[in-house]
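Subject: Structure handover

Hello,

Here is the structure we discussed, for you to look over. My notes come after it.

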Amino acid sequence: MRSLTRTEAAERAALLTVESYTVDLDLTSGESGFRSSVTIRFRATPGSATFVELKPARLLAVRLNDAALDPATLAGNRLPLTGLRAENTLTVEAEMAYSNTGEGLHRFVDPADGETYLYAMSFLDDVQRIFAAFDQPDLKAPVTLAVTAPPKWTVAANGVPAREARDGRWEFAPTAPLATYFVSLIAGPYHSRHDEHDGVPLALYCRRSLAEHLDADADEIFTVTKACLDRFQELFGMRYPFGKYDQAFVPEFNAGAMENPGLVTIRDDYIFRSAVTDSQRELRATTIAHEMAHMWFGDLVTMRWWDDLWLNESFAEYMGTRVTAEATRFDRAWTTFGMRRKAWGYAADQRPSTHPVAPQEVADAAQALLNFDGISYAKGASVLRQLVAWVGDDAFLAGLRAYFDAHRFGNATLADLLAALSASSGRDLSGWAELWLRREQVNTVRAEVTVDGQGRYDEVVVVQTAPSTHPVLRPHRIGLGLYDRIGADVVLRERIEVDLDPSVDNGRTLVDRLHGQPAASLLLLNDGDLTFAKVRLDEASAAAVPAVLPGLADPLARAVLWGETTDAVRDAERPVADLVALILAALPVETEVIVVEDVLRLSRTLIDRYLEPVARPAALEHVAQACERLLAAAPAGGSLQLAAARGLIAASADTVRLAGWLNGKDVPAGLVVDADLRWALVYRLSVLGATGEPEIAGELAGDRSATGAEWAARCRAAVPDPAAKERAWQVIVADTSVSNRLVEANAEGFWQPEQADLTGPYVARYFAEMPAAARLRTAWVAERVANLAFPHYAVAASTRLAAAALLARDDLDPGLRRAVTDADDDLGRALTARG
Ligand SMILES: [Zn+2]
């Protein structure tokens, strides 16, 4: 099916004004699909022609004004409409299919109790899987929804109920004008909790089998929600614009969450059934704040076309992190952002597939989906943070308020936003926007230091460089932290802010005021993490890192240092051994759980790919030792202990110990070996070949949950057994009967660095079979599976040759092309590191 192009959307928007959607769904007609009826009232240029989109299982009847149209005229997902009048009424009736891919109306049967749950995900262009629509972001209209559901179900939607539900019939009041991609509903025997804040009704929903876990955390979730609501209304100078605020935790969700006005959908992995770390709670809070930011940014004012996707995501990412840090107990959210999100952004921005934060033009909706990456989220948010540092917070917020006022319930573009911010700040932002938003790739800032005979700075120069392929230097406002070692402590002497202005100094900024000052033990560039740039320390500071890092009190400064180290290893400027040595020196005394988790995650990728197989076990053993020491030092029952235990499990080759924990033997005091920790143990034992199908089946028998089913699939795919591998592979490349999540679980478990001999033949099979496999899947799932199932550990020139041959084809699914392009680039880096 053809994806709507930017040009087509602009042409249609010039012809049409949509006045309303009246939608009626019947969810009582079986397991495969539902009955959909929609009446669209719209104005048009008289005599013009256009089309409406839908993806039905069967199109039953179409009526435009007085005439019945032939359903057979549907071509792909487009139904032509001709002879339009000034005022039109279109009615489309169809049978639609439920999905198992998280798109359209997703149907899920809970293995825990057999109950059925539905939720709608209209995002991008999937409302047309639910009802016929003019499916583009700038044709907004009020939606009036009615649903017929089994009598015992609960139904919730964007709008409030118009009257009390009777006999399974639910009718909702018209919504404020919505972009079509925001239309949502949930239906099923959902468990709910209700509250109210400042006149806004609040609700939480989840599956019944998760009810006790939602109830346990409802206070925390409501507390975060209320605090964010207060803060956003204060910052934006405008009340929440969509009436009620429901948050539905739904199964098998592809994204973290979706900002449907009035009914946010969130992946129900955020309802915690097992012990979690505080960083996981923080992530849930940040997600809540991110989606709420969208209510203004994205929902109230919507981008005109997908090329301004970043307007939505960068702002929600920036504001979500900021409000989490400012208004909730998770006041370290910027450390998490610096550690986790920015690593994602830097990696994406250095790949061949990089693109500007704000691309000039996104040709069609399918292309837009590929831009949901570290650039649109993390880099865009970093760039906004840099903008705030540059124009000042008051001017930034004043500009936002003017932008909301001018475009409320409408659409806007980058130019509209820049105009508002320029007016409020009194600065011409066009040059800044050109360099930061329209040009891809990342700068590196490096300190060049000379010290005199008395140990005083002679010259400190901050040198900015750019890759030769994208030779663009940018204005940066960065912090420079001077840290001194005093005994075991590392003390911040001074933090100064420096403006790098390449138009004046061509990328070499002399920091005059440091001349004559005693040289610091550590001169930390980008201290405070205000800008988006790779950091390289001066030689003396770099040498001091192992001694200094453990004593640094500021977690954000530690995050910047860890980021610098992992990035230098990623660039093959430093060996993995340096990173492993730093982990041994600093991880056991780390107190910030996000730092522990992300150092382990980032270093594991490098160990698995950059080290020759012969060197890998020793490196993993060192990581395991660092985790063990952290585990011994961490408070019993806390987040650090859990993070250390997970790290130890993932790195350990001591199957006796792992099996012992599973049986309650020698478990550290305070550590609860609950359902998910048990699965982590079973998974590691599966990878190591120390457990197999009987144990996995036994574990699943004791955990009939959806999460248990995903874990079991992951474990089965990981067992080093030829038949198990082949079964998992068939799911990955051919099985559309299982859900998105189960396909992904198979792909996650399949490749293991320990199993290179066993999985060797599948390297060639990936490149041979994945093009057809990707076409079986929807765009979102195709890209994810293509990435997860890629032979990332087959670090060899032959793998790159196979990738090149695949990329030379002109018939690839765009998601597969993106996944292979990026993974191949990673392989190239790994090969360079191996020398
Ligand atoms: Zn978002």
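The notes below cover the metal site and one helix pair.

Please bear in mind that this is a predicted model.

Zinc site

Three protein residues donate to the zinc ion: H290 and H294, each through NE2, and E313 through OE. These donors lie 2.0 to 2.1 Å from the zinc ion. Along the sequence, the donor residues follow the spacing H-x3-H-x18-E. The pair H290 and E313 links distant parts of the chain, 23 residues apart. H290 sits in helix α3 (residues 278-296), and E313 in helix α4 (residues 309-327).

Are H290 and E313 buried or exposed? H290 has a relative accessible area of 9%, so it is buried, the cut-off being under 20%. E313 has a relative accessible area of 3% and is therefore buried by that cut-off.

Helix pair

Helix α4, which supplies E313, also packs against helix α8 (residues 393-407). The angle between α4 and α8 is about 130°, and their axes are 15 Å apart. That angle lies outside the ranges for roughly parallel, roughly antiparallel and roughly perpendicular, so α4 and α8 count as oblique to each other. Their crossing is left-handed.

Which residues form the contact between α4 and α8? From α4 come L311, F315, Y318, M319 and R322, and from α8 come D393, F396, L397, L400 and Y403. By type, the residues of this contact are 8 nonpolar and 2 charged, with no polar ones.

Regards

Definitions and conventions:
Residues are numbered from 1 along each chain as its sequence is written. This is a predicted model: local features need pLDDT of at least 70, side-chain atom pairs count only at pLDDT 80 or more; totals for chains, interfaces and linings use all residues. Side-chain values use heavy atoms; hydrogens and water are left out. Donors are N, O and S atoms within 2.8 Å of the metal (3.2 Å for Na, K and Ca); water is not among the atoms, so sites may look incomplete. Helices (H or I, at least four residues) and strands (E, at least two) are DSSP runs, numbered from the N terminus. Buried means under 20% relative accessible area, exposed over 50%, partly exposed in between (1.4 Å probe, protein chains only). Axes are lines fitted to C-alpha atoms, for helices over the stretch in contact, and angles run from 0 to 180 degrees between N-to-C directions. Angles under 35 degrees count as roughly parallel, over 145 as roughly antiparallel, 65 to 115 as roughly perpendicular and the rest as oblique. A crossing is left-handed if the near helix is turned anticlockwise from the far one by less than a right angle, and right-handed if clockwise. Contact means heavy atoms within 4.5 Å. Ala, Val, Leu, Ile, Met, Phe, Trp, Tyr, Cys and Pro count as nonpolar, Asp, Glu, Lys and Arg as charged, and the others, Gly among them, as polar.
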